Amino acid sequence: MKFKAVMDNAGYMREFLNIIVTLSKLTKECVINIEPDKIHFIANEESGTTAPLVWVDIDAKLYFSEYNIELADSNHSKIMLSTSPANLSRALSSLRSNARHCKLKLINLQFPCLRVEVDVLTQNSNQTRQTAHDVPVTVIPRGEWDYYELPQKPNSKLVLNVPSNRLMRGLIDKIKNLSPTVIFYATSAGEMNLVAETEMATITTRYKNLDIREINPSKGEKNKDQIEASCSVDCKKTSIFFSALQVPTGELSCGIDDDRLIHMEVNIRNGVAIHSILPAVCM
Amino acid sequence: MFTFFFADMKCSLDGGNARVIAKAIQSLAKFGSDLYLEADQDGLQLRTFNVSKSAMGTFRFKRVFFEHFNAEEGSYCKITMKAILAVFKNMKQVERCEIRLLIEQSKLQVQFKCRLETIKNVLISIVDEENVTAAVSMEDTSNVIVGSYKLFNDISNNFNAAEVEMTLEAMGNGLTAKNYIEGARVNDKFMRSQLKLSPTEFESYNIHEESAVTFSLKEFRSFLLFAESIGESITLNFNEAGGPIFIKICKLDLIECTLVMTTVYTDDVSMYEECRESEVKEASTHRSFATSGQKRKHSNPKVIDKDRINKKRLSEETTLSNNSTLFRFNTDNNNDTLQSVDVARNLTQEDLDMEDDEDDLILAAAVAEDNALHTSSLPAVRESEVFVTFASTETNKNDQNSDDDDDADTIPQSPQREHVPKLRSIFTRCFESTYVPKEPSPSSQVFVPNSDTED
């Protein structure tokens, strides 16, 4: 199997680095799913840690000016790798300065590696410096793909566009010290409340006039004027997700499914999105 | 209120220069534990070695660097780095500094005149009147590279802070800095990094003899730190791999710093064919994932079952509760495979029974005697005896040697470490070959009787 991809847009390269840095803050080992037209990253720390499940969709055509994938045989529809995002972000760190282009290539050098080649323009002269890092990867064999399936985007009952993640991050960080859980409550009127309850007080933060992206009312609620959804999630998990986000505030949407889960989606641009699922917790 | 002794060396300098000396000491302290101080007519010299004596750092401050400088020919001393580092730690308030070497009192006196008319006076004990020199010269180095500290900082920052070594491949058309040796094997999951620089980035780039030198990063980084603090460029002088590399920093006619380091000798590095680039195959990595159940994402009931079975099997193998064995007991009673170690174990019972406090010498003699006995006749295996076959590996080795004679020119691959599940064993010490039963064990000798009078 072969894989080669080239990036040469400075903006996209910085975005790509930001995504990898985000992942490195969430997990030690992430899965890379290379498909003929898309790349997915899945970060799922084993249960027991507080990091939430996060996955990233990247439209390959958008980020990469050259994108070649050669599969092992017809049984294989994609290449599945597992690697350390910390290593990968170190290898890509030179994208932050004046990078000209970046090449990713799957090679075998004693063990499988993802070679990251970055050409950097030096500051004082017009010379380019070539850096190459061989990030060790593990090829996930076909038989084990099932364990690393890409999570399904859930069909939430109510999906709203939420204010900038910086506001949310600060708020959740404060709530984290008060209560172990936070309740997300939203109505179809475009209101979303974040409720934290302690023995002494109940703290509610209200966001009004939010855009509704989607409504999937349950059967019993179809005739109601106002549809409500609420879910209580682990505060620490939520906080980890928000503080890990290294991407500039794009469009953040929050899907709430009654007492099941909260689905966060950060749209970095069309075709590039970070998803996270925060499972509901019982009070 | 200071007593003035006759000083073998006396120098004074202003606060700014004192801070430079402080920086030099801080840089040397990163790898050396002793500081050798030497003063002569030309100036003051600070020198240190790393633990393995594979690197030597020298800072030479010329006479003009000081306001006053007075030294007899060849006054030198050795002091501990810890002591002098503590003295030169906080230099913000220092306005003037005086250093005196008092050989008679075997003390090094450092006096700081600080702000607000404060005077700090420190006496550091001289550990030894010792001086060291290294018999290396950089006269005949064929490769000379000069570059700004920024450039070398970029090179150093390209690698992890934990990286131990760096390889510089100096070619006519550019320099490549790597954290690995080309063709050599690296640890599993090691990230190889390299940085290619063109000759034009350097202030001067003269390579007469293309070579690749590998040296320690720690000492190099400590010198880099000093170069950055005085804002000077760095000169590298080196020949081929295995020879010394000289790293030099100069500031006008005032300071001259040299770091001499050994480089890795290429013949000591084994090269591997598998370290050539090739296409990725799925099968090559099968094992690591097949064995690691913990990385699984979705807990599939079937998988759990399989896992459980695996785990069960593992526990069966590692416990002594059933018939399976933890050690391979030598039930064949084969004379050839028995070693003195086993005999020593046999002795334990008898010896402990006797309870006599004879010396180890007698025991050793007994071991030897018994050993000789054993080769001819062996006592029947008692139930309590455990024969651990240490010898089997040795016989294997002998077999291999005879085989190897045929294809002597092809170097066999070093044996791969088998993946053995880690198991906790009890009383491991007793099964080690170095175990002598008479060795002091917690129960053998009573230094203080039990305070508890239960038994």
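Modeller: In this predicted model, axes are lines fitted to C-alpha atoms, and angles run from 0 to 180 degrees between N-to-C directions.

Colleague: At about what angle does helix α5 of chain A run to β15(A)?

Modeller: Helix α5 covers residues 235-244 of chain A and lies across β11 and β15. Its direction relative to β15(A) is about 90°.

Colleague: Which strands are the edge strands of the open sheet in chain A?

Modeller: The sheet has 4 strands in the order β13-β12-β11-β15, with antiparallel pairing. An edge strand here pairs on one side only, which holds for β13 (202-207) and β15 (228-234) of chain A.

Colleague: Which residue in β12(A) stands opposite Y185(A)?

Modeller: Strands β11 (residues 181-187) and β12 (residues 191-197) of chain A run antiparallel and are joined by 5 bridges. Opposite Y185(A) in β12(A) is N193(A).

Colleague: Which residues form the covered face of strand β5 in chain B?

Modeller: In a regular strand the side chains alternate between the two faces of the sheet. In β5 (residues 68-71) of chain B, H68(B) and N70(B) are on the uncovered face. F69(B) is also the bridge partner of C11(B). The covered face consists of F69(B) and A71(B).

Colleague: Why does C254(A) form no disulfide, and how far is the closest cysteine sulfur?

Modeller: A disulfide needs two cysteine sulfur atoms within 2.5 Å, and the structure holds 0 disulfides over all chains. C254(A) is buried at 0% relative accessibility. The closest cysteine sulfur, in C231(A), is too far for a bond, because the distance is 9.2 Å.

Key: Residues numbered from 1 in each chain as written. Chains lettered and ligands numbered in written order. Predicted model: local features only at pLDDT ≥ 70, side-chain atom pairs only at ≥ 80, totals over all residues. Heavy atoms only, no water. Buried < 20%, exposed > 50% of the residue type's maximum accessible area, 1.4 Å probe, protein only. Helix = DSSP H or I, 4+ residues; strand = E, 2+ residues; numbered from the N terminus. Pairing = 2+ DSSP bridges. Contact = heavy atoms within 4.5 Å.
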